[in-house]
Amino acid sequence: MQRTIVEIQARDQIGLLYRLAKAIYDFGFDITFARIGTERGVAIDTFYIESANHEPVEDQDRLQRLRAALSEVISPTQVAVAETA
């Protein structure tokens, strides 16, 4: 199984799951399994991802860029901008 596990814990907010899934898709990954949960206002999400072409993900730079994109999705400044708009 050539899958990567991505675990996210962040303040729950409207559209969070969509934005996380879109970022994963935009980087050329497919979600093969997801466990989504919310407890006391905190989203606890686990995604099993693999490359969209089903090739092993050996490009660590690509994974680091995905990590940075997911961090931007859950950053407090993103939430503050969305709430003021």
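Trainee: In this predicted model, what makes the crossing of H1 and H2 left-handed or right-handed?

Mentor: H1 passes H2 in a right-handed crossing, and that name applies because the near helix is turned clockwise from the far one by less than a right angle.

Trainee: Why are H1 and H2 called roughly antiparallel to each other?

Mentor: The axes of H1, which spans residues 16-26, and of H2 cross at roughly 165° and come within 10 Å. Angles over 145 degrees count as roughly antiparallel, and H1 and H2 therefore earn that description.

Trainee: Turning to the strands, how do you know that S2 and S3 pair?

Mentor: Pairing requires at least two bridges between the strands, and ten bridges join S2 (residues 29-39) to S3 (residues 42-51), with the two strands running antiparallel. Within this pairing, Ile36 stands opposite Asp45 in S3. S2 and S3 form a hairpin with two residues between them, and in the turn Arg40 has a positive phi of about 55°.

Trainee: And what makes S1 and S3 a pair?

Mentor: By the requirement of at least two bridges, S1 and S3 also qualify, since they pair in the antiparallel sense over eight bridges. Here Glu7 stands opposite Thr46 in S3.

Trainee: Which strands of the sheet are called edge strands, and why?

Mentor: The open sheet has three strands in the order S1-S3-S2, with antiparallel pairing. S1 and S2 are the edge strands, as each pairs on one side only. On average, neighbouring strands of this sheet are turned by 15° against each other, direction ignored.

Trainee: What is known of the largest pocket, and which residues are the closest to its centre?

Mentor: The largest pocket has a volume of about 270 Å³. Its lining consists of 13 residues, of which Val6, Leu63, Leu66, Arg67 and Leu70 are the closest to the centre.

Trainee: Which elements supply the lining of the largest pocket?

Mentor: Strand S1 (4-11) and helix H2 (60-74) each supply at least two residues of that lining, and H2 gives the most, with seven residues.

Trainee: How many residues of the lining are nonpolar, polar and charged?

Mentor: The lining of the largest pocket divides into eight nonpolar, three polar and two charged residues. Leu63, one of the residues closest to the centre, counts as nonpolar because Leu belongs to that class, whereas Arg67 counts as charged.

Terms used: Residues numbered from 1 in each chain as written. Predicted model: local features only at pLDDT ≥ 70, side-chain atom pairs only at ≥ 80, totals over all residues. Heavy atoms only, no water. Helix = DSSP H or I, 4+ residues; strand = E, 2+ residues; numbered from the N terminus. 1 Å grid on protein atoms, 1.4 Å probe; cavity = no way out; pocket = protein on both sides within 12 Å on 5 of 7 lines; lining within 4 Å. Points joined across faces, edges and corners; volume = space filled by probe spheres on them. Axes fitted to C-alpha atoms, helices over the stretch in contact; angles between N-to-C directions. Parallel < 35°, antiparallel > 145°, perpendicular 65-115°, else oblique.
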